[in-house]
Amino acid sequence: MIAFVQGPVAAISAGLAVVEVGGVGMAVQCTPATLAGLRLGEPARLATSLVVREDSLTLFGFADDDERAVFEILQAAPGVGPKLAQAVLGVHSPDALRAAIASGDEKALVAVPGIGKAKAAKLLLEYKDKLGAPHGAVPAQKPVATGPAPWGEQLHSALVGLGYAPREADEAVAAVTPEAEAQSTPDVGALLRLALRGLNRSR
């Protein structure tokens, strides 16, 4: 198993980062929040999980070991593959997901693309005793380094990279601006999850 990759970021595209490790470019599937914390040419360390299929080997990358652990628990449920597990983490941080499962918050799971009410109800039962309690007193969104670029530009780029139209991305950025302005240092990962929930409700 490849536990992590570390090295300069060679490329970033929609859902994918390439990290140079010993002269080899490792393609790693990542959530938008994880990608928002990466910078071209700068060093990065991503916890990883290798998913093996008969016709493919896919490496999924995460900001830390906790995200990877939750990803592996999520896809152990019937009917949940790696793509859906990654989509869940694209909308909810590990602690926010733990809180949602613990409280039986079906709406939180329905906010994830690909999960309807029936599936959400099944997953609440499936994960009830597997994810544990939130690590913090309050469900926390893990800060993502914003770098020199404005948070709004990063958020807009991430949404467009996910396939949303520029107009939709503009509206989503505007919708979360009050939340961003209330933070001394805008948390791009948390703002992205908030924007995705709003976009999913409006579709």
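Which handedness, right or left, does the crossing of α2 and α3 have? In this predicted model, α2 and α3 cross in the right-handed sense.

**Helix packing**

Helix α2 spans residues 65-74 and helix α3 spans residues 82-91; the two pack at an angle of about 135°, and their axes are 9 Å apart. Oblique angles include those over 115 and up to 145 degrees, and α2 and α3 are therefore oblique to each other. On the α2 side, the contact is made by Glu67, Val70, Phe71 and Leu74, while α3 contributes Pro82, Ala85, Gln86, Val88 and Leu89. Sorted by class, the residues of this contact are seven nonpolar, one polar and one charged.

Helix α2 also packs on helix α4, residues 94-103; the axes of these two helices come within 10 Å and cross at roughly 40°. That angle makes α2 oblique to α4. Here Asp66, Glu67, Val70 and Leu74 of α2 meet Pro94, Leu97 and Arg98 of α4. The contact of α2 with α4 holds four nonpolar and three charged residues, and no polar ones. Glu67, Val70 and Leu74 of α2 are listed in the contact with α3 and also in the contact with α4.

How many of the 10 residues of α3 are buried? Eight of them are, and the helix is mostly covered. The buried residues of α3 are Pro82, Leu84, Ala85, Gln86, Val88, Leu89, Gly90 and Val91. Among them, Pro82, Ala85, Gln86, Val88 and Leu89 take part in the contact with α2.

**A loop residue against α3**

Thr31 sits in the loop that runs between β3 and α1 (32-36). Is Thr31 buried or exposed? Its relative accessibility is 2%, so Thr31 counts as buried. Leaving aside residues up to four places away in sequence, Thr31 touches Gln86, Leu89 and Gly90. These three residues of α3 are buried as well.

**Strand pairing**

The strand pairs described here run antiparallel, as the table sets out.

| Strand pair | Residues | Bridges | Sense |
|---|---|---|---|
| β2 and β3 | 16-21 and 24-29 | six bridges | antiparallel |
| β1 and β4 | 4-13 and 43-53 | five bridges | antiparallel |
| β4 and β5 | 43-53 and 56-62 | seven bridges | antiparallel |

Strands β2 and β3 form a hairpin that leaves two residues between them. In the turn of this hairpin, Gly22 has a positive phi of about 60°. One of the bridges of this pair links Glu20 to Gly25 in β3.

Strand β4 pairs with β1 and also with β5. Which residue of β4 is the bridge partner of Gln6? The partner is Arg45. Towards β5, Ala47 is bridged to Phe62. Strands β4 and β5 form a hairpin, again with two residues between the strands.

**A residue of helix α7**

Further along the chain, Gln154 belongs to helix α7, which covers residues 151-161. With a relative accessibility of 10%, Gln154 counts as buried, because buried means under 20%. Gln154 and Val188 are separated by 34 residues in sequence, and their C-alpha atoms are 7.5 Å apart in space.

Definitions and conventions
Residues numbered from 1 in each chain as written. Predicted model: local features only at pLDDT ≥ 70, side-chain atom pairs only at ≥ 80, totals over all residues. Heavy atoms only, no water. Pairing = 2+ DSSP bridges. Helix = DSSP H or I, 4+ residues; strand = E, 2+ residues; numbered from the N terminus. Axes fitted to C-alpha atoms, helices over the stretch in contact; angles between N-to-C directions. Parallel < 35°, antiparallel > 145°, perpendicular 65-115°, else oblique. Left-handed = near helix turned anticlockwise from the far one by under 90°. Contact = heavy atoms within 4.5 Å. Nonpolar A, V, L, I, M, F, W, Y, C, P; charged D, E, K, R; others polar. Buried < 20%, exposed > 50% of the residue type's maximum accessible area, 1.4 Å probe, protein only.
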